[in-house]
Each structure stands twice: as structure tokens, then as C-alpha cells.
Amino acid sequence: LQSYQDQTQLSSTQFFDLLINVHLALNDAMGGGEKFDDLLKYVDSQLSPLNSSDRTRIHTRQQWLKRIRNIPFRTLDNLYKEVMDIIQKDSDTFGNLPPKHLSIYIALLDDDRNQLRYVATTKDQTDLLLNKTLQHGEGVSFQILETGKWAYFNQTKNHTLIKFFNPLAQKQSGSFVIIPLKRLQQTYAYGLLGIDTIQDKKEKAFVQHDVQFYEGIASALADIFTFVDFDKNMMKILQRFTYWIKQRCSNVLAVDYYTYEPASMNNPAERLLKHVVKYSNGNLTTFDTPKTINSREQVFKYQLEHAAVTCQSVIASFLGQTHMIQAIRGRDNFCFALVDTIIDEKEELPSSEKQDLISMYTCISKSVDELEQELIHDTIKRVLNYEQNSDRKRLTYLFDRTWYTDICDTIKQLSSEKIQEFIDDKTKWNDETKQILSLISRIVKQKELNPTEYIEELLPAIIEFDPTAEEHVQNNLWAHVEPLIQTIDRSIWQQPSSDVIKIFYDWLNLAYELTTFSKAQ
């Protein structure tokens, strides 16, 4: 479809081809329902009939694209092999004689989008390209990524900007197609699909329908990489969630993470429940091959699947343990994952731990919503200074930043009456409460404020404070925060106005974490 976006007029054949592609895309999205048959039949009747070889080629390529989309996103090696086999087979089947040998490679961008890494190649390119990197500014690849448009060089010897990993290839000339791996509505790409005939020294080797087919493959790959990227970033959210579970919820025995994912891109309505991550005894284990949950094996697994199907959070008891199963809803309003937090059946979480767990569940949901907004709708949200310079850090600590901004919003919503009540109780403040407020005051306002100044001066400054800004990261007062966090007596949460001091403590704790990792390289 991208090949038509710059054209002001389409021929009848191109228009029919466009409709076919729209038809296929919507059929996939709607679970295979035939929505445009009558329209397509009408348009088809107005065109010159396709000959049998054209129809065979179109039908075969449609089936090959479905095969690619049918490969689970967790089996990338199978995906790469299938893509390269299909491209070569397509050339052998529908290309001009004599058959041409294709060199094929897939390169993916790193998290900070400054380098491309070749993750898959045909055998002839393995030693030359596999796991090699291309830096920003080398060759034409980053120009293709920035424009989002494919390029076809039918005589590589005439293009000096092409980067040749093999110096001998510069003296040869062939055809080279390079296509960004991007979904139709996205402006940025995950990487590139490259195909060339330099080894065969064949110039002008590709025709328009070849490139259109390769573009369809690139689009299918981009759809799959959307799932891969989302899953990778969900693991980062889970890592930070379990980090905070260890810090804040000592009564939690374990956490299990299950995905409720499509069996294939061709049939997104058919979903499988898979056990992906287990956290226990301070250790996080990610299963290389997630185990599919069979609800017929035991009652508890049925409860898991019921929570996923209905997208409702439940509390269940099983084998002497209480499972607090949180369903995570996507932007399509369907459940895509479950977080199962496990405690001893005879115990109940203390109120402060329960409050923290609820806050963390909320932050998972908000982080997920932001991830989907970025991956599906191509909008990136950057709030704090550290997020401006590194996408890797931004995504690694998305959960922490979400919690921090949530706490700032909570402080913003505190009423003056509530704060005044807290200040009026200052005669009951213990040493730890005073230390928390003193540190916040000196970090945010660079001086010790009187409690009477909190409403007018301290609270507005806290709400706008960026702990990762360069001028704040270097503040020596952060060195006093960690000992306080480590030794805090949690009984202070039971004192009068304890909800207010807990909000301040949470803010200081999250601000310290954000400052600490923003210093790290």
C-alpha cells in the first residue's frame, strides 16, 4: 500500500490491487469475515481479466503471507527461516529465467535507535553480516528508516552511498531492494528487510509486483515485531514491579505472570494462556518456552482461564495459598495478561502493603496503556529529563516513572484542609517523619521550610520537581535518603495523618530511585 501513497492518481489495475490489500488487512483484523466480496466482484468485472499465471501468483503470495503471519512471535528463528525460504521460492517460481540467487537479510534497530544489528541472513551472508552492526550515518539504511519508504537500486555500482561489508562487492553490480519494517500507520520502523542480487551480478532483477510482495512481507514482519516489542517491554515492567514487591511487600511469597496471547496473527480471536514469568525468593525467572496452561488439568487453572476470558480480577485459594489474580486489560478492552500475587492462605497483607500492591497494579495498567499507545498509535510520551536522551532507560523504568507521576498527582489532589490537619499534628511527629519532611524540603527548595510554608511553597515545588534533571541529580542530599528508606519504622503509617506522611515517603522513595538510575550509564 505504501507504494501508492505519493501518487495523486491510480490506474484501474492499481486501484483494484489497493482494494485487494485493504480487503486482506481488514479480513485479518475482523477474524476472516468476508466484508468486501460484492465490491471486489464489481470492480473485478470492470477490469480486463487477469490471466491464469497472474491469478496464480496473487493467490500463492497471499497464502505465503498468511503462513508468515501464522508463525508465533516467540519463535523468531522459525520466522526468519520461513521468510527467507518464501522469498527465494517466490523468485524461483515467478521470476524470469534463468533463476536468480537472492541474498536476504533482516536488521533490527537497538533500543536507542542508533544502530542496526543484522539478526538473520541467508547462508551466503552469515559470515559477512550475521550479528554485525551498522551505525547511524553509515550507508543508506538510516535514510530509509527516517523516510519510512522503501528504495530500489537496480544498478548498485552507480550508488556510492551503499555500505558494502564485502569490499569486493563494490566492484560488482546487481539489484538491491531495502524495505523498512513498519506497520502502515507507523512513522518509525523496527528495522529493515534487504534483498540483493550482487552475488549473481544481476541488474534490474526486480519488477514492481516483486517489490510489492516484499513490502507485504515487511508489513507482516512489523506486525509480529509489534508483539515482540510489547512482550520485551512488558518484561521490563514486570522486573520493576517485582523489584518493588521485594522492597514493599515482604508478605508476598511469589508472583506469576501469564499472557493471554493470540495463537497466530491470522486468528487473533483464538488465544492461549501461557505461564511466562515466576518471581519467588527474590529471584525472577523468565521461561524461554512458556508453558501453555490447560484449564482441564485442575480447578485453579480453570480459575486462571476464567479470569482471562472474562477479564475480571479474582481472589482464589489453592493448596494453602491465596492467589490475588489481577487481569490486565488492553486498549481493545480484552484481557491480554494476568498477574498472580501469592500470599499464605492464613495471612492477610498489612494495610500498607495492600495499599502499595493496589498502587502497583494501577501502575502496571497505566504503563501498559502507554506502551500500547506508543507501539500501536505511534505516540511517545516523555515526562522526565532522563527519558529525553535514552529510549532504553525510558522503557526500562517506565513503571517507576508512572508511579512517581501518580504520586505527584495524588499530592496535587490533597486538599488544603487535609495538609493543614497534618501540620496541626506536628507535635506528634516522630524523628523519622521529621527526617522525611526535612530531606524533601532541602532537596526540592534547597532550604529547611517551616511547616506553615508547606501548602504555599513545598507542595507546588514537589509536583513540578524532576529528580532526573541534571541540577538535581548531583545534589549530595540524596546520600542521606537511602539509609532512611532502609531503616524506616513502618509503624509510623499507623499514626494520625499517616496517609499524608506515607505519600511524602513514597514520593521521596520513588524520586531517589529515579535519581539513582538516571546517574547510571
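**Exercise 1. Get a feel for the whole chain: how much surface does the chain expose, and what share do carbon and sulfur atoms supply?**

Solution. Start with the surface: about 25,700 Å² of the chain is exposed, with carbon and sulfur atoms supplying 48% of that area. Keep in mind that this is a predicted model. Next, look inside: of the 521 residues in the chain, 50% are buried. Then count the secondary structure, which comes to 18 helices and twelve strands. Finally, check the long-range wiring. Taking contacts between residues at least 6 apart in sequence, 61% link residues at least 24 apart.

**Exercise 2. Work out where confidence in the chain is lowest and where it is highest.**

Solution. First take the overall picture: the chain has a mean pLDDT of 87, and 89% of its residues reach 70 or more. Now go to the two ends of the scale. Helix H2 (residues 37–46) is the low point with a mean of 61, while helix H12 (residues 398–413) is the high point at 97. A word of caution follows: where pLDDT is low, predicted coordinates shouldn't be read in detail.

**Exercise 3. Find which residues touch the most other members of the largest nonpolar core, and which helix gives the most to this core.**

Solution. The core holds 114 residues, and the ones touching the most other members are Met234, Phe241, Tyr257, Ile436, Phe504, Trp507 and Leu508. Helix H7 (residues 208–248) is the top contributor to this core, with 18 residues. Now zoom in on Met234: setting aside residues up to four places away in sequence, Met234 touches Tyr257, Phe336, Val368 and Leu371. There's also a second, separate core of 21 residues, and its members include Ala107, Leu129, Ala151 and Phe164. As background, nonpolar side chains tend to be buried together in soluble globular proteins.

**Exercise 4. Look for disulfides: how many does a search of the whole structure find?**

Solution. The search comes back with zero. Take Cys311 as a test case: the nearest cysteine sulfur belongs to Cys335 and sits 4.4 Å away. A disulfide needs the two sulfurs within 2.5 Å, so this pair doesn't qualify. For the surroundings, Cys311 is buried because its relative accessibility is 9%, under the 20% cut-off. Cys363 is buried too, at 0%.

**Exercise 5. Track down two asparagines with positive phi, Asn281 and Asn333, and decide whether each is buried or exposed.**

Solution. Begin with Asn281, whose phi is near 55°. Asn281 sits in the loop between strand S8 (267–280) and strand S9 (283–292). Its relative accessible area is 71%, so Asn281 is exposed. Move on to Asn333, with phi near 70°. Asn333 is in the loop between strand S11 (321–329) and strand S12 (335–344). At 52% relative accessibility, Asn333 counts as exposed, because the cut-off is over 50%.

**Exercise 6. Place Thr515 and Ser416 in their helices, then say what surrounds Thr515 and how far Ser416 is from Ile455.**

Solution. Thr515 belongs to helix H18 (residues 498–519). With 1% relative accessibility, Thr515 is buried. Ignoring neighbours within four places in sequence, Thr515 contacts Pro467, Val473 and Trp478. Ser416 is in helix H13 (residues 416–424). At 42% relative accessible area, Ser416 is partly exposed. Lastly, Ser416 and Ile455 are 39 residues apart in sequence, yet their C-alpha atoms are 6.9 Å apart in space.

How values were computed
Residues are numbered from 1 along each chain as its sequence is written. This is a predicted model: local features need pLDDT of at least 70, side-chain atom pairs count only at pLDDT 80 or more; totals for chains, interfaces and linings use all residues. Side-chain values use heavy atoms; hydrogens and water are left out. Helices (H or I, at least four residues) and strands (E, at least two) are DSSP runs, numbered from the N terminus. Buried means under 20% relative accessible area, exposed over 50%, partly exposed in between (1.4 Å probe, protein chains only). A nonpolar core is a set of buried Ala, Val, Leu, Ile, Met, Phe, Trp, Tyr and Cys residues joined through side-chain atoms within 4.5 Å. Contact means heavy atoms within 4.5 Å. Accessible areas come from the Shrake-Rupley method with a 1.4 Å probe; for residues, only the protein chains shown count as cover. pLDDT is the predictor's confidence in each residue, from 0 to 100.
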